[in-house]
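Reader: Before I take any label at face value, I would like to go through the terms one at a time and see what stands behind each of them.
Author: Then let us look at the model together and set each value against its definition.

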Amino acid sequence: MRIRQDHGGVSTMNHRNSKQARYTVETPLFETEVWECMDTNCRSWMRKNMSLLLEPHCPVCHSGMQENIRMLPQVVHVAK
Ligand SMILES: [Zn+2]
């Protein structure tokens, strides 16, 4: 007996992507130093203050990364 492969179902994995769109216009943005992956196909990036490395490499594709400035919501550090 064959099991029919139906790809029309909604994958719960897709809901993770909606998290990025959660930032609204009301969120204040700040100029933030970031590292950006030099691979234009990858477009991975990280906040510079999250990495103490002088020359980090992309965690996704291991290409070199270059400095850039992005407008990002400020990270609030919650004291425990
Ligand atoms: Zn990359």
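**Labels and the values behind them**

Author: Residues 24 or more positions apart account for 50% of the contacts in the chain with a separation of 6 or more, two residues being in contact if their C-beta atoms, placed from the backbone, lie within 7 Å. This is a predicted model, in which local features need pLDDT of at least 70 and side-chain atom pairs count only at pLDDT 80 or more, while totals for chains, interfaces and linings use all residues. Residues are numbered from 1 along each chain as its sequence is written.

Reader: What makes the pattern of this chain β-β-β?
Author: The chain has zero helices and three strands, where helices (H or I, at least four residues) and strands (E, at least two) are DSSP runs numbered from the N terminus. Read along the sequence, these elements give the pattern β-β-β.

Reader: How do you know which strands pair, and in what order do they lie in the sheet?
Author: Two strands pair if DSSP finds at least two bridges between them. Strand β1 (residues 29–37) is joined to β2 by three bridges, and β1 pairs with β3 over nine bridges, so both pairs satisfy the criterion of at least two. The result is an open sheet in the order β2-β1-β3, with antiparallel pairing.

Reader: Why are β2 and β3 called edge strands?
Author: Strands β2 (45–47) and β3 (65–73) each pair on one side only. From one strand to the next, the twist averages 40°, with axes taken as lines fitted to C-alpha atoms and angles running from 0 to 180 degrees between N-to-C directions.

Reader: Which residues stand opposite one another in these pairings?
Author: Towards β2, valine 34 stands opposite arginine 47, and tryptophan 35 has methionine 46 as its bridge partner. Towards β3, phenylalanine 30 stands opposite leucine 72.

Reader: Why is threonine 27 called exposed?
Author: A residue is buried if 20 or more other C-beta atoms lie within 10 Å of its own, exposed if 12 or fewer, and partly exposed in between, with C-beta atoms placed from the backbone. Threonine 27, in the segment before β1, has 10 C-beta neighbours inside 10 Å and therefore counts as exposed. Its C-alpha atom is 9.0 Å from that of leucine 72, although the two are 45 residues apart in sequence. Of the 80 residues of the chain, 4% count as buried.

Reader: Why does proline 56 get the label partly exposed?
Author: Proline 56, in the loop between β2 and β3, has 15 other C-beta atoms within 10 Å, and because that count falls between the two cut-offs, the residue is partly exposed. Leaving aside its neighbours within four places in sequence, proline 56 is in contact with Trp35, Ser51 and Met65. The C-alpha atoms of proline 56 and glutamate 36, 20 residues apart along the chain, are separated by 9.6 Å.

Reader: What makes the phi of arginine 43 and of histidine 62 worth a remark?
Author: Most residues other than glycine have a negative phi. Arginine 43, in the loop between β1 and β2, has a positive phi of about 60° although it is not a glycine, and histidine 62, in the loop between β2 and β3, has a positive phi of about 65° although it is not a glycine either.

Reader: How do you know whether arginine 43 and histidine 62 are buried or exposed?
Author: Arginine 43 has 11 C-beta neighbours inside 10 Å and so counts as exposed. Histidine 62 has 10 other C-beta atoms within 10 Å, and is therefore exposed.
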